[in-house]
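Trainee: Could you take a close look at a single part of this model with me? I'd like to start from one place and then see how the rest fits around that place.

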Amino acid sequence: MWVEENNRLTSTFRFKDFTEAFGFMTKVALLAEKMNHHPFWTNVYNTVTIELSTHDAGNVVTDKDRALAKAIDQLI
């Protein structure tokens with residue numbers, strides 16, 4: 001579930017283990033590159049946190065962020 005706060009869309013994803021989390025990150029990386037919109041994210045063991053905002057628009061949430069969030073959700 002994505003939450004919009006502090007000019008960012010944020011979501012945390014939990015997986016069985018690090019391998020699953022890293023596999024998810026790989027899929028997101030390929031998707032983000034294709035959409036030319038790259039997230040700020042962190043990974044600790046089985047947890048991936050993603051923050052989206054559009055730098056070119058002044059670091060606020062735009063339709064570009066919402067589109068990427070929706071596409072990421074479809075990977076799960």
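Mentor: Let's start at Ser53, which has a relative accessible area of 6%. Buried means under 20%, so Ser53 counts as buried. Keep in mind as we go that this is a predicted model.

Where along the chain are we? Ser53 sits in the loop that runs between strand E4 (47-52) and H2. Now look around the residue in space. If we set aside the neighbours within four places in sequence, Ser53 is in contact with Asn7, Arg8, His37, Asn59, Val60 and Asp65. Two of these are good next stops: Asp65 and Asn59.

Take Asp65 first. You will find Asp65 in helix H2, which covers residues 63-73. Its relative accessible area is 0%, so Asp65 is buried. Its contacts beyond four places in sequence are Leu9, His37, Leu52, Ser53, Thr54 and Val60. Put that beside what we found for the serine: His37 and Val60 are among the contacts of Ser53, and His37 and Val60 are also among those of Asp65. For a sense of distance, try Met25: its C-alpha atom and that of Asp65 are separated by 17 Å, and the two residues are 40 apart along the chain.

Now for Asn59, the other contact we picked out. Asn59 is in the loop between E4 and H2, and that loop is where Ser53 has its place too. How open is Asn59 to its surroundings? Its relative accessibility is 35%, so Asn59 counts as partly exposed. There is something to notice in its backbone as well: phi is about 60 degrees, a positive value, although Asn59 is not a glycine. Why point that out? Because most residues other than glycine have a negative phi.

Another asparagine behaves in a similar way. Asn36 has a phi near 55 degrees, which is again positive in a residue other than glycine. Asn36 belongs to the loop between H1 and strand E3 (40-44). With a relative accessible area of 53%, Asn36 counts as exposed.

That loop brings us to helix H1, so let's look at some residues there. Ala29 is found in helix H1, and at 35% relative accessibility Ala29 counts as partly exposed. Measuring from C-alpha to C-alpha in the model, Ala29 and Arg14 are 17 Å apart in space, with their positions 15 residues apart in sequence.

The aromatic rings are worth a look too. The count comes to four aromatic pairs. One of them is formed by Phe13 and Phe24: the ring centres are 4.9 Å apart and the planes meet at 45 degrees, so this pair is tilted. Phe13 is in strand E2 (residues 8-14) and Phe24 is in helix H1 (residues 18-35), so the pair links distant parts of the chain, 11 residues apart. Both Phe13 and Phe24 are buried. A second pair, Phe18 with Phe22, is tilted as well, with 5.8 Å from centre to centre and 35 degrees between the planes. Here both residues lie in helix H1, four residues apart, which is about one turn of the helix. Phe18 is partly exposed at 38% relative accessibility, and Phe22 is partly exposed at 46%. There is also an aromatic cluster, made up of Trp2, Phe13, Phe15 and Phe24.

Finally, step back to the whole chain. Its secondary structure comes to two helices and four strands, in the order β-β-α-β-β-α from the N terminus on. A compact globule of 76 residues would have a radius of gyration near 11 Å, and the 12 Å of this chain agrees with that. Along its principal axes, the C-alpha trace spans about 35 × 25 × 15 Å. Of the 76 residues, 36% count as buried, and Ser53 and Asp65, as we saw, are buried. Among contacts with a separation of 6 or more, 62% come from residues 24 or more positions apart. The chain exposes about 5,000 Å², and carbon and sulfur atoms supply 53% of that area. As for charge, there are 8 positive and 10 negative charges, and their mean positions are 5 Å apart.

Note on methods
Residues numbered from 1 in each chain as written. Predicted model: local features only at pLDDT ≥ 70, side-chain atom pairs only at ≥ 80, totals over all residues. Heavy atoms only, no water. Phe/Tyr/Trp six-rings, centres within 6.5 Å; stacked < 30°, edge-to-face > 60°. Buried < 20%, exposed > 50% of the residue type's maximum accessible area, 1.4 Å probe, protein only. Rg over C-alpha atoms; globule rule 2.2 N^0.38 Å. Contact = heavy atoms within 4.5 Å. Areas by Shrake-Rupley, 256 points an atom, 1.4 Å probe, with all protein chains shown as cover. Lys, Arg positive; Asp, Glu negative; His and termini not counted. Charge placed at Lys NZ, Arg CZ, Asp CG, Glu CD.
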